[in-house]
Amino acid sequence: MSPALANAPSAVPDAELALQPLLPPGSRILRSRRLSNTEAEVWVEFRGGSSPVIMRLNAAGRWEQDLNATLARGASQLQALARQQAAGLPAGFGQTAPDQPPPASLPPASSLIRPADREQETQRALSGAGRADPFVPQNVRAPEPLPDLPPLPELPPPPPEGEVPTAGATPPPTPTPDPAAFARSVQVSGFIQIGGESFALISAPATIPAVVQTGQDYQTAQVARVSVPERQVVLLEGGETVVKTMQDTTVIVGAP
């Protein structure tokens, strides 16, 4: 951080120092300002974009990241972006089509085919089939008996008490690391669609929440698709495809 930012009247150096160990590699702190006696806002630059992080003083007097407030701050950014973009949209954009004309009237009930009586139709089918029950299949062979099972193999007797078997125990297999572990930890907090552009607010443990769109990178994962109607974000990492769906629909924001 430059001395000019550190000495600015609105800067909060203690909050910046507390956030620095939590930042991913390649990111840097741009500026900070105090929102209240116990709350501060720190702007962080990462991969060409900047995002705010909300820091809060805990009961012990130490600064720590407030993830819920940070996500809410990102959602308000989406709403502000929607209002700015909606101001330039043409009149009537986003409105529903006018009501469709009512369907043509149905024909009178006298012209409809009356339903057949189930009992009469059943009796007619039985009399025409020439047998008691036409639904029972004919010429069905009885199942052949199953062959006798071979006898079970005899197991060797257990070793005497206190004697260790000569064959060594097979070591457990070494677990294979998950190549898409980071993509599976991503959570989706909000969506917005402006014209033909779709954006999503996502976050992951020990990372900065960010507003992303298709084609951008988020840490080690690539955003392959953002679908507002399906409320899904498709991520690519380690050769695997991970689909994340938003569960809390109350956080979704959109253009007015």
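## Basis of the description

Two strands are taken to pair where DSSP finds at least two bridges between them. The structure described here is a predicted model.

## Overall composition

The protein contains five helices and eleven strands. Of its 256 residues, 27% count as buried. Its accessible surface comes to about 18,400 Å², and carbon and sulfur atoms contribute 56% of that area.

Contacts between residues 24 or more positions apart make up 39% of the contacts that have a separation of 6 or more.

## The sheet E5-E6-E7

Three strands, in the order E5-E6-E7, form an open sheet with antiparallel pairing. The edges are occupied by strand E5 (187-194) and strand E7 (210-212); each has a single partner strand, so one side of each lacks a neighbour in the sheet. From one strand to the next, the twist averages 25 degrees. In general, the strands of a sheet pair through backbone hydrogen bonds, in either a parallel or an antiparallel manner.

## Pairing within the sheet

E5 and E6 run antiparallel and are joined by seven bridges. Within this pairing, Gln193 has Ser198 of E6 as its bridge partner. The two strands E5 and E6 form a hairpin with two residues between them. In the turn of this hairpin, Gly195 has a positive phi of about 65 degrees. Strand E5 is mostly covered, with six of its eight residues buried.

On the other side of the pairing scheme, strand E6 (residues 197-203) is joined to E7 by three bridges, and these two strands also run antiparallel. Here Ile202 has Ala210 of E7 as its bridge partner.

## Surroundings of Val226

Val226 lies in strand E9 (residues 221-227). Buried residues are those under 20% relative accessible area; Val226, at 8% relative accessibility, therefore counts as buried.

Apart from neighbours within four places in sequence, Val226 is in contact with Phe191, Ser198, Phe199, Ala200, Val212, Gln213, Thr214 and Gln232. Several of these residues belong to the sheet treated above: Phe191 falls within the range of E5 (187-194), Ser198, Phe199 and Ala200 fall within that of E6 (residues 197-203), and Val212 falls within that of E7 (210-212). Ser198, a contact of Val226, is also the bridge partner of Gln193.

Val226 and Phe191 are separated by 35 residues in sequence, and their C-alpha atoms are 8.6 Å apart in space.

Notes
Residues numbered from 1 in each chain as written. Predicted model: local features only at pLDDT ≥ 70, side-chain atom pairs only at ≥ 80, totals over all residues. Heavy atoms only, no water. Helix = DSSP H or I, 4+ residues; strand = E, 2+ residues; numbered from the N terminus. Axes fitted to C-alpha atoms, helices over the stretch in contact; angles between N-to-C directions. Buried < 20%, exposed > 50% of the residue type's maximum accessible area, 1.4 Å probe, protein only. Contact = heavy atoms within 4.5 Å. Areas by Shrake-Rupley, 256 points an atom, 1.4 Å probe, with all protein chains shown as cover.
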